[in-house]
Amino acid sequence: MPDQFEALRQAIEAAPLDSEEAVDRFRIAYLSRKQGRITELLKQIPSVPPDERKAFGRQVNLLKRRVEERIEEAKARLRTARTTPKPEIDLTLPGRRPLTGSIHPLTRTLEDIKRVFGSYGFDVAEGPEIEDDWHNFTALNFPPDHPARDMQDTFFLEPPDRPHGGILLRTHTSPVQIRVMESQPPPYRVIVPGRVYRNESISYKSYCLFHQVEGLCVDEGVTLGDLKQILHVFARALFGDDVKMRFRPSFFPFTEPSAEVDIWWPDPADPAGGRWLEILGCGMVDPNVLEAVNVDPERYTGYAFGMGIERIAMLRYDIKDIRLFYENDVRFLEQF
Ligand code: DAH
């Protein structure tokens, strides 16, 4: 007999009363007047032998009370679940990462360039992107109709019949050399970052606009050795202490002598392989340029250089297509 009560007690405790239907079924199974299991037991009491009757009745009543308690509890629980609003925030969702943004690779490269030259006493100067012919070409020793102008085809906004020639989108940052020297007496030691424009056919390696950093240093006794030294410092800062560089003779109207600077780019797949890559143009400021701005070329000498920021950034970050810089695709930008 005790076994029978124990099994029943366990079944009563284990019933999952998680819906109103389940509670109904539970009540009918134990308490219904026709076939409820507790009802059956209650009916049996009169036929139990008298000496066991009292204990038997007590057990049955305990079970009955327990069934009633469970029904009450379950009903109360289901009622609160029904009337309490569900929370609007799902606390089980993973968090959303805030969009933090990052510095554009061109800005980052420019900041690095500024830091190197800043530590050598170069100020930062700027000039207009809409220039006149005098500053962009003539004062830089590109005479009108000189073929060197063909290297830098641009967009003209006004025709050439004006005091300073036509108005154009500047093709390089070199005109700011002229503007700096027109505005104050020597010495000069500036770098000039800025946007420049060319009439180029657009491809992975050229675009109608890009960015340059110009450098100008004019003082008494400035030599080609000074130019080589500062550019070497620069190349080491950006490309590492063991960078190999070379000066290759070249031509620019506003410098004499002129050179292009290449750095050696090893081939990661082939220890013996690699190639020279041009990173900038430079030279000693042509006396004609100093004369154009009334600086005495007998007393002052100087050097100048100019580089494309895109070119440097593409090398540093292994970017294969210049157009990526301007598309503002976050999948590109968030890599920096
Ligand atoms: N302005 C030249 C260009 O855009 C680059 C350049 C070359 C600048 C030599 C310089 C220089 O100051 O000395 O192609």
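Here a student and a tutor talk through a predicted model of a protein chain with a ligand.

Student: What makes R198 a polar contact of the ligand?

Tutor: The cut-off is a pair of N or O atoms within 3.5 Å. An N or O atom in the side chain of R198 is 2.9 Å from an oxygen atom of the ligand, so the pair counts as a polar contact.

Student: And what about E214?

Tutor: An N or O atom in the side chain of E214 is 2.6 Å from an oxygen atom of the ligand. That is within 3.5 Å, so it's a polar contact too.

Student: Which part of A304 lies 3.1 Å from an oxygen atom of the ligand?

Tutor: With A304 it's a backbone N or O atom. Since 3.1 Å is within 3.5 Å, this pair also passes.

Student: How much of the ligand does the protein bury?

Tutor: Alone, the ligand exposes 360 Å², and the protein buries 92% of that.

Student: Where does the ligand sit?

Tutor: In the largest pocket. To say so, more than half of its atoms must lie within 2 Å of the pocket's grid points, so the ligand here passes that test. Strand 6 (209-219), strand 9 (270-285) and strand 10 (301-308) each give two or more residues to the shell around it.

Student: How many residues surround the ligand, and what makes them count?

Tutor: There are 16, and H172, S174, R198, Q212 and E214 are the closest. Each counts because one of its heavy atoms lies within 4 Å of the ligand. By type, the shell has five nonpolar, nine polar and two charged residues.

Student: Why is the phi of D145 worth a mention?

Tutor: Most residues other than glycine have a negative phi. D145 isn't glycine, yet its phi is near 70°, a positive value. You'll find D145 in the loop between helix 6 (133-136) and strand 3 (156-158).

Student: Which peptide bonds are cis?

Tutor: One is from P186 to P187, with omega near 5°; another is from E256 to P257, with omega near -5°. Most peptide bonds are trans, so cis ones stand out. P187 is in the loop between helix 7 (175-183) and strand 5 (188-197), while P257 is in strand 8 (residues 255-267).

Note on methods. Residues are numbered from 1 along each chain as its sequence is written. This is a predicted model: local features need pLDDT of at least 70, side-chain atom pairs count only at pLDDT 80 or more; totals for chains, interfaces and linings use all residues. Side-chain values use heavy atoms; hydrogens and water are left out. A polar contact is a pair of N or O atoms within 3.5 Å; within protein, one must be able to donate a hydrogen and the other to accept it, and residues adjacent in sequence count only if both atoms are side-chain atoms. Accessible areas come from the Shrake-Rupley method with a 1.4 Å probe; for residues, only the protein chains shown count as cover. On a 1 Å grid over the protein atoms alone, a cavity is a set of points where a 1.4 Å probe fits but cannot get out, and a pocket is an open set with protein on both sides within 12 Å along at least five of seven lines; lining residues have an atom within 4 Å of a point. Helices (H or I, at least four residues) and strands (E, at least two) are DSSP runs, numbered from the N terminus. Ala, Val, Leu, Ile, Met, Phe, Trp, Tyr, Cys and Pro count as nonpolar, Asp, Glu, Lys and Arg as charged, and the others, Gly among them, as polar.
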